[in-house]
Amino acid sequence: MAGETAQISAVDWRAVVKKDRRHDGKFVYAAITTGIYCRPSCPARNPHRRNALIFLTTTQAERKGYVSCLRCHPSSLTPAEKSILAALDYVEAHLDQTMTLNTLSQVSDLSPHHLQETFKRMIGLSPKVFCDARRITHFKQHLRAGKAISDACYEVGYGSSRALYEKTRKGLGMTPSVYRRGGKGIHICFSITQSPLGRALVARTEQGVCTVLLGKDDAVLIRELRQEFPAAALRRKSNSKWKAVPSCWDPDPLLSKLPTSVQGRVFLARLWNYLQ
């Protein structure tokens, strides 16, 4: 045991001492004296370093006879993570309804203030900004499906045409009517760069960002862009700001546990917000 303890790196132990949530999921540590293993961010009192072991997985810790901590839940989602996941699911399923902190508070079982702070810490955006990004994504989908602007407006929870134009002015990079016509008469510049979740295509007009896409292949992304804006003039160019895309993605451990599709939604929302 003593030999294993000596193998704990200074970086790992510093994460435990600082209760650094960014290291959750990368390893767990076990206290020899209690027989319990924890996340690096566990709020419990730290054991002495000489009495601590580091395991890369919860399975390894349990194979050695250690049991999961009831405070930090290293082998599952914490109560706070479950609350934020519930809020994410609610937003996606109720975009046609008024979304307030009080509503999400009831869904997540967190106070409005606690929800706001926890959501922003784990997702990297406020609930409002995330909801706005998802609404614009769904609004565009409705328009491409052939729905009238007014119908698409109410489908995603914009209570009036005024609210629609205020919210989509930057998110579309053009008016809704021009978007519905495939970007007719609009010049669009786009750039493709590597992101933490694959290749990222960012396109914009003189009015702002008009789309962000994720994929594995540049040719497929360009084809998707042309399908979204069949009547626009497209031009590929380099942009130093867009090459900094990875800097807007510092994922919380919760995100690594979510399906890839959900991670993609969060990343695109953060990227959209970053580029505004």
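**Questions on a predicted model**

Reader: Which residues of helix α2 (residues 10-18) are buried?
Author: This is a predicted model. Buried means under 20% relative accessible area. In helix α2 the residues that meet this are W13, A15 and V16.

Reader: Why do the buried residues lie on the same side of α2?
Author: Look at the directions around the helix axis. The buried residues are on the same side of α2 because they cover an arc of only 155°.

Reader: Which strands do the buried residues of α2 pack against?
Author: The partners of this buried set are strands. K19, just after α2, takes a positive phi of about 55°. The buried residues of α2 themselves pack against β1 (28-31) and β3 (52-55).

Reader: Which residues have the most contacts inside the largest nonpolar core?
Author: The largest nonpolar core has 58 residues. Apart from it lies another core of 12 residues, including Y29 and C38. In the largest core, the residues with the most contacts are F130, M174 and L201.

Reader: Is D132 buried or exposed?
Author: D132 sits in helix α7 (residues 127-144). Leaving out residues up to four places away in sequence, D132 touches Y158, K167 and W272. Its relative accessible area is 15%. Buried means under 20%, so D132 is buried.

Reader: Which strands stand at the edges of the open sheet of 4 strands?
Author: The order is β7-β6-β5-β8, with mixed pairing. An edge strand here has a single partner strand, so one side of it is left without a neighbour in the sheet. The edge strands are β7 (208-215) and β8 (233-236).

Reader: How many bridges join β5 to β6?
Author: Strands β5 (residues 187-195) and β6 (residues 198-205) run antiparallel. Q194 has R199 in β6 as its bridge partner. The number of bridges joining β5 to β6 is 7.

Reader: What angle does the direction of α11 make with that of β7?
Author: Helix α11 packs on the sheet. It touches β5, β6, β7 and β8. Its direction and that of β7 make an angle of about 140°.

Reader: Which element has the lowest mean pLDDT?
Author: The protein averages a pLDDT of 89, and 94% of the residues score at least 70. Over residues 1-6 the pLDDT is below 50. Where pLDDT is low, the predicted coordinates should not be read in detail. Helix α11 (residues 218-228) has the highest mean, 97, and the lowest, 41, belongs to helix α1 (residues 2-6).

Conventions. Residues are numbered from 1 along each chain as its sequence is written. This is a predicted model: local features need pLDDT of at least 70, side-chain atom pairs count only at pLDDT 80 or more; totals for chains, interfaces and linings use all residues. Side-chain values use heavy atoms; hydrogens and water are left out. Helices (H or I, at least four residues) and strands (E, at least two) are DSSP runs, numbered from the N terminus. Buried means under 20% relative accessible area, exposed over 50%, partly exposed in between (1.4 Å probe, protein chains only). Contact means heavy atoms within 4.5 Å. pLDDT is the predictor's confidence in each residue, from 0 to 100. A nonpolar core is a set of buried Ala, Val, Leu, Ile, Met, Phe, Trp, Tyr and Cys residues joined through side-chain atoms within 4.5 Å. The arc is that of the directions from the helix axis to the C-beta atoms. Two strands pair if DSSP finds at least two bridges between them. Axes are lines fitted to C-alpha atoms, for helices over the stretch in contact, and angles run from 0 to 180 degrees between N-to-C directions.
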